Amino acid sequence: QVQLVESGGGLVQPGESLTLSCAASGSIFVINGMAWYRQAPGKQRELVAGITNSGTTNYADSVKGRFTISRDIATNTMYLQMNSLKLEDTAVYYCHVTGSELDRKIFRSWGQGTQVTVSS
């Protein structure tokens, strides 16, 4: 099994920064892709940013230029550096990881979610 542990959420004011992290552990053979999603109250979960095992990144238009996704392959940890936070960034942020386990079975795992609240 693969476990994901998220951390780094919190309450900040508009314009401030936060860094989220997501550590993957367990019976991992290879990680193919990692991504951050978010879900605001009353809204559908949406993709925020993703990164492939080759380092290719993609971002939602709403966060381009403000958020940066990165990963540490050695520790299977993904980060989301969030700068210039806006009120509309308030949501529960989830990490999502896809890959193969040691028995070569494909896994798609979600983190437990971490709350990010931007408020003045």
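**Environment of Gly 50 and overall architecture of the chain**

Leaving aside residues up to four places away in sequence, Gly 50 touches Met 34, Ala 35, Thr 56, Thr 57, Asn 58 and Ile 69, a contact being defined by heavy atoms within 4.5 Å. The model is predicted, with local features requiring pLDDT of at least 70 and side-chain atom pairs counted only at pLDDT 80 or more, whereas totals for chains, interfaces and linings use all residues. Residues are numbered from 1 along each chain as its sequence is written, and side-chain values use heavy atoms, with hydrogens and water left out.

Gly 50 is located in strand β5 (residues 46-52). Strands (E, at least two residues) and helices (H or I, at least four residues) are DSSP runs numbered from the N terminus. Gly 50 is buried, its relative accessible area being 6%; the term buried denotes under 20% relative accessible area, exposed over 50%, and partly exposed the range in between, with a 1.4 Å probe and protein chains only. A separation of 9.0 Å was computed between the C-alpha atoms of Gly 50 and His 96, which are 46 residues apart along the chain.

The chain contains 11 strands and 0 helices, in the sequential pattern β-β-β-β-β-β-β-β-β-β-β. Its radius of gyration is 14 Å, close to the 14 Å given by the globule rule for 120 residues, so the chain is as compact as a globular protein of that length. This radius is taken over C-alpha atoms, and the rule is 2.2 Å times the number of residues to the power 0.38. The C-alpha trace spans about 50 × 25 × 25 Å along its principal axes. Of the 120 residues, 42% are buried. Among contacts between residues at least 6 apart in sequence, 55% join residues at least 24 apart.

The structure holds 1 disulfide, a term applied to a pair of cysteine sulfur atoms within 2.5 Å. This disulfide is formed by Cys 22 and Cys 95, with sulfur atoms 2.2 Å apart. Distant parts of the chain are thereby linked, as Cys 22 belongs to strand β3 (residues 18-26) and Cys 95 to strand β9 (residues 91-101), 73 residues apart. The link is right-handed, with 55° about the S-S bond, and both Cys 22 and Cys 95 are buried.

The accessible surface of the chain, obtained by the Shrake-Rupley method with a 1.4 Å probe, comes to about 6,300 Å², of which 49% belongs to carbon and sulfur atoms.
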